[in-house]
Amino acid sequence: MVEGRATVERTTMRRGRWFPEAGVKTEAAVQLLSPVALLALWEVAARAGWVDQRFFPAPSAIVGAFWDAITTGVLLHHLKITLWRVLLGTVIGGVPAVLIGLAMGLWRWLRLTLDPIIAATYPLPKSALFPLLLLIFGLGEGSKVSMVAIGVFYLAVTNAMEGVLAINPVYFDVAKTFGAKRWDVIRTVALPGAMPLVLAGLRLGVGTGLILGVLAEMLGARDGLGYLLWSAWQTFSVSSLWATLFVTAILGFASVQLVDFLRRVLVPWQRGTARG
């Protein structure tokens with residue numbers, strides 16, 4: 001027993017020596033410097049002629065195209081349109097998905113009814129549905145927003161259902177023992193217990209919705225970031241194309257950070273269980 005404890009202590013000391021835990025400032029510095037270092041390497045490679053600037057222009061040229069789009073107001077105009085479509089599609093697809101997922105987790109008969117339908121339709125390529133959505137909603141906002149909603153719905157409904165199923169049945173038994181009504185069980189047991197996976201589903205769903213929304217704008221829109229990407233490709237404006245890609249990436253990163261903020265607010269008990 002003593003020997004085993006000594007082995008654990010030696011292992012812990014070695015891990016502390018070779019893999020010390022970094023502070024918050026150090027981690028933030030690494031997260032900031034790693035993309036900066038990548039961009040600096042890219043700039044050097046482009047100026048030295050190691051990469052073909054027709055396809056991989058220097059970051060300085062991309063920044064110039066980005067600044068031109070900002071000063072002319074073109075980028076902000078299209079960005080606001082894409083943001084609105086993603087936000088509206090997330091609400092339309094996410095709210096019903098969470099409610100249906102919670103209900104499927106709570107009631108077995110509903111899960112047996114809807115789960116085969118969701119499992120059968122989920123693997124369908126969402127981009128392949130866009131022509132059908134164009135037939136139904138036309139070239140207006142409905143087809144783009146519905147693409148975002150579809151992308152959010154499947155991930156949100158599945159994670160909400162799995163979140164309820166992952167709750168220890170003892171908590172439901174305790175609630176029933178104390179005479180909790182059905183709504184009280186949902187409010188105090190099912191929803192808080194499933195919230196981590198619900199937010200995980202929204203985290204993935206918003207990213208998928210953004211991808212599908214930009215794709216829909218590329219295929220059938222006259223505005224939005226997807227339209228900017230397609231227009232840059234048609235005119236072979238590679239710097240503008242890369243600038244729009246970076247803006248789309250930043251938008252995706254910001255949406256993930258927003259969901260993570262909601263997780264810290266709504267699921268504060270998970271803070272002490274993080275690993276890394």
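**Entry 1. A term fixed beforehand**

I take a residue as exposed when its relative accessible area is over 50%, as buried when that area is under 20%, and as partly exposed in between. I note also that the model is predicted.

I applied the term to Phe236. This residue is exposed, because its relative accessible area is 55%. I located Phe236 in the loop between α10 (225-234) and α11. I then looked up its backbone and found a positive phi of about 55°, although Phe236 is not a glycine. For background I recorded that most residues other than glycine have a negative phi.

**Entry 2. The chain as a whole**

I counted the secondary structure elements and obtained 11 helices and 0 strands. Read along the sequence, the pattern is accordingly α-α-α-α-α-α-α-α-α-α-α.

I looked up how much of the chain is covered. Of its 276 residues, 34% are buried. The chain exposes about 17500 Å², and carbon and sulfur atoms supply 70% of that area.

I also asked how far apart in sequence the contacting residues lie. Among contacts with a separation of 6 or more, 70% join residues 24 or more positions apart.

**Entry 3. Aromatic pairs: Phe56 and Trp242**

I searched the whole structure for aromatic pairs and found 7. I examined Phe56 with Trp242 and recorded ring centres 5.9 Å apart and planes at 45°, so this pair is tilted. The reasoning rests on the cut-offs: planes under 30 degrees apart count as stacked and those over 60 as edge-to-face, with the rest tilted.

Where do Phe56 and Trp242 lie? I placed Phe56 in the loop between α2 (24-47) and α3 (59-72), and Trp242 in helix α11 (residues 238-266), so the pair ties together parts that are 186 residues apart in sequence. Phe56 has a relative accessibility of 40% and therefore counts as partly exposed.

I noted further that Phe56 and Trp242 belong to one aromatic cluster with Trp42 and Phe246.

**Entry 4. Aromatic pairs: Tyr122 and Tyr154**

I turned to Tyr122 and Tyr154, which form a tilted aromatic pair with 5.7 Å from centre to centre and 50° between the planes. Tyr122 lies in the loop between α5 (108-121) and α6 (130-137), while Tyr154 lies in helix α7 (residues 141-165), so the pair ties together parts that are 32 residues apart in sequence.

Is Tyr154 buried or exposed? I found Tyr154 buried, with a relative accessible area of 14%. Tyr122, at 41% relative accessibility, counts as partly exposed.

I then looked for a charge over these rings. The charged end of Lys126 sits over the ring of Tyr122, 4.8 Å from the ring centre. Lys126 also lies over the face of Tyr154, at 5.0 Å from the centre of that ring.

**Entry 5. The largest pocket**

I looked up the largest pocket, which holds about 620 Å³ of space. It is lined by 17 residues, of which Pro35, Val36, Leu39, Phe246 and Ile250 are the closest to its centre.

Which helix gives the most to the lining? I found that α11 does, with 7 residues. Each of α2, α3 and α11 supplies at least two residues of the lining. I note that Phe246, listed above near the head of this entry, is also a member of the aromatic cluster.

**Entry 6. Three residues within helices**

I chose Ser239 in helix α11. Apart from residues up to four places away in sequence, Ser239 touches Pro57, Ala61, Ile62 and Ala65. The C-alpha atoms of Ser239 and Phe55 are separated by 8.6 Å, although these residues are 184 residues apart along the chain.

I next looked up Val189, in helix α9 (residues 182-220). Val189 counts as buried because its relative accessibility is 11%. Its contacts, not counting residues up to four places away in sequence, are Ile167, Tyr171, Phe172, Ala175 and Asp184. For Ala175, 14 residues from Val189 along the chain, I recorded a C-alpha separation of 7.9 Å.

Last, I examined Leu133 in helix α6. Leu133 is buried, with a relative accessible area of 8%. Leaving out residues up to four places away in sequence, Leu133 touches Gly138, Ser143, Ser146, Met147 and Ile150. The C-alpha atoms of Leu133 and Lys144 are separated by 8.4 Å, and the two residues are 11 residues apart along the chain.

How values were computed. Residues are numbered from 1 along each chain as its sequence is written. This is a predicted model: local features need pLDDT of at least 70, side-chain atom pairs count only at pLDDT 80 or more; totals for chains, interfaces and linings use all residues. Side-chain values use heavy atoms; hydrogens and water are left out. Rings of Phe, Tyr and Trp (its six-membered ring) pair if their centres lie within 6.5 Å; planes under 30 degrees apart count as stacked, over 60 as edge-to-face and the rest as tilted. Helices (H or I, at least four residues) and strands (E, at least two) are DSSP runs, numbered from the N terminus. Buried means under 20% relative accessible area, exposed over 50%, partly exposed in between (1.4 Å probe, protein chains only). A charge sits over a ring if NZ of Lys or CZ of Arg is within 6 Å of the ring centre and within 35 degrees of the ring normal. Contact means heavy atoms within 4.5 Å. Accessible areas come from the Shrake-Rupley method with a 1.4 Å probe; for residues, only the protein chains shown count as cover. On a 1 Å grid over the protein atoms alone, a cavity is a set of points where a 1.4 Å probe fits but cannot get out, and a pocket is an open set with protein on both sides within 12 Å along at least five of seven lines; lining residues have an atom within 4 Å of a point. Grid points are joined across faces, edges and corners, and a volume is the space filled by probe spheres set on the points.
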